[in-house]
Amino acid sequence: MNTLPVFSSSEPAGLPKWQRPEKVAGWVVLAGLGAAGAYGWGHIVPFLVAMVFDTVRLGLGLGALFVLFLLGTNKRIQAGFWYAGQRILRTAAGIFVNTDPIGIMEDYIRTTEQEARKMDAEVGHIEGARELVQRKLAANAAQTREYLALADAATRQGEKDAADSYASRAAQLQEYSQRLQPMATTTANVSVVMRQILKAALRQIDASKFKVNLLKDEYELVKRTSSGMRAAMNILRGDPDKKYFFDLATDRVAQDMAQQLGQIKQAMRYSQEFVKEMDIQNGVMSAQGQRLLEKYQKGDFNALLTNDKPAGQTAPTTLKKASDDAYSSLLD
């Protein structure tokens, strides 16, 4: 008896599925695919991030170019930046220099008062120097008299050398006093002149203060009056830009109202045709019903099945005319 050969499987019968060779190869392939995907993702993510940030920078650059385009073409924006720059520069200049005309005059008066105080102090110094010169002259005169007295006494005692020495000292003091005398006179004259100049300067300062206070009050009054008149002129003439937009808005409202009124009239015409038709039908049915009621009241029950033509058209015609008149008045 011939028997067929039995081919045994190459896989061990007792191994679990996850330890079989094809399963192991599948896991290896999946692991390789996962590693390749992770590697590829690591290269794709930086590219995507760079693309996003490049897009953002591109948007910012386009926005900056658009702003520059507006600055170069829009007159109102240019005027706004011009006035803003002037305001900033004027404010910066106001930190170091007073730009208010009243403030400039007040600064001048304060400076003049400071100079007057300095001049008063200098006059005091000159008068003090003159007093010192006067005292020095008096002291020299007293010393000269003393030397002359000593020289006279030495001459009476026969001491010629001592007498000559005292006489020489007296002569030196006399010459010294003669040299100081013009300086004392000059100092006195300068002191008098400076006192007169100081008085004139103080009167000038008082007059300037009065003038500045008057101008300040007048300037404030004129500014307030001008502000009120400017407000009145703005009401009378109006802001040109706002007036332009006001006219545009008025035209737009008028156009919108005209369009809506046209739509309303068109809708009323359509409804007029519909109401006319309904009035005619209602009038016909009403007349026909009235005739049927009269025949029913007379006992003619077969009249319900007749198809007589309507006897008159007075009621429908009247209703139609009334409807036309009503709609005509609405449309007018």
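A salt bridge is taken here as a side-chain nitrogen of Lys or Arg within 4 Å of a carboxyl oxygen of Asp or Glu. In this predicted model, E113 and K209 satisfy that criterion, their closest N and O atoms being 2.4 Å apart. E113 belongs to helix α3 and K209 to helix α4, so the pair ties together parts that are 96 residues apart in sequence. K209 is partly exposed, with a relative accessible area of 35%.

## Overall architecture

The protein comprises six helices and zero strands, and its pattern along the sequence reads α-α-α-α-α-α. Of its 332 residues, 12% count as buried. The accessible surface amounts to about 26800 Å², and carbon and sulfur atoms hold 63% of that area. Among the contacts with a separation of 6 or more, 70% join residues that lie 24 or more positions apart.

## Salt bridges

Eleven salt bridges are present in the structure. Three of them, including the pair introduced above, are set out in the table.

| Salt bridge | N to O distance | Citation |
|---|---|---|
| E113 and K209 | 2.4 Å | |
| E127 and R195 | 3.3 Å | |
| R110 and D107 | 2.0 Å | |

The side chains of E127 and R195 meet at 3.3 Å, N to O. This pair links distant parts of the chain, with E127 in helix α3 and R195 in helix α4, 68 residues apart. E127 is partly exposed, at a relative accessible area of 33%, and R195 is likewise classed as partly exposed, at 28%. Both residues also take part in a network of salt bridges, in which they are linked with D120.

The bridge between R110 and D107 has another setting: both residues lie in helix α3, three residues apart, about one turn of the helix. R110 has a relative accessible area of 42% and is therefore partly exposed. D107, at 27% relative accessibility, is also counted as partly exposed.

## The nonpolar core

Which elements give two or more residues to the largest nonpolar core? The core itself has nine residues, namely I102, I109, A116, M119, V123, M194, L198, I205 and V212. The contributing elements are α3, spanning residues 101–156, and α4, spanning residues 160–237. Helix α3 gives the most to this core, with five residues. In soluble globular proteins, nonpolar side chains tend to be buried together.

V123 is one of the members of this core. Leaving aside neighbours within four places in sequence, V123 is in contact with S191, M194 and R195. Of these partners, M194 is itself a core residue, while R195 is the residue that forms the salt bridge with E127.

## Two buried threonines

T144 and T187 merit description together. T144 lies in helix α3, and T187 is found in helix α4. Are these residues buried or exposed? T144 counts as buried because its relative accessibility is 9%, under the 20% limit for that class. T187 has a relative accessibility of 16% and is therefore also buried.

Each threonine side chain has a polar contact with a backbone oxygen. The side chain of T144 reaches the backbone oxygen of N140 at 2.6 Å. For T187, a polar atom of the side chain lies 2.6 Å from the backbone oxygen of M183.

The further contacts of the two residues can be listed with neighbours within four places in sequence set aside. On that basis, T144 is in contact with A170, L173 and Q174, and T187 is in contact with I126 and R130.

## A nonpolar surface patch

Where is W41 found? The residue is in helix α1, which covers residues 21–73. W41 counts as exposed because its relative accessibility is 54%, over the 50% limit for that class. Together with I44, F47, L48 and M51, W41 makes a nonpolar surface patch of about 520 Å².

## Summary

The predicted model is a protein of six helices and zero strands. Helices α3 and α4 each give two or more residues to the largest nonpolar core. The same two helices are joined by the salt bridge of E113 with K209 and by that of E127 with R195. In helix α1, W41 is part of the nonpolar surface patch.

How values were computed
Residues numbered from 1 in each chain as written. Predicted model: local features only at pLDDT ≥ 70, side-chain atom pairs only at ≥ 80, totals over all residues. Heavy atoms only, no water. Patch = residues over 30% accessible without salt bridge, like charges linked within 9 Å, V, L, I, M, F, W, Y side chains within 5 Å. Areas by Shrake-Rupley, 256 points an atom, 1.4 Å probe, with all protein chains shown as cover. Helix = DSSP H or I, 4+ residues; strand = E, 2+ residues; numbered from the N terminus. Buried < 20%, exposed > 50% of the residue type's maximum accessible area, 1.4 Å probe, protein only. Core = buried A, V, L, I, M, F, W, Y, C linked by side-chain atoms within 4.5 Å. Contact = heavy atoms within 4.5 Å. Polar contact = N/O pair within 3.5 Å; in protein donor to acceptor, adjacent residues only side chain to side chain.
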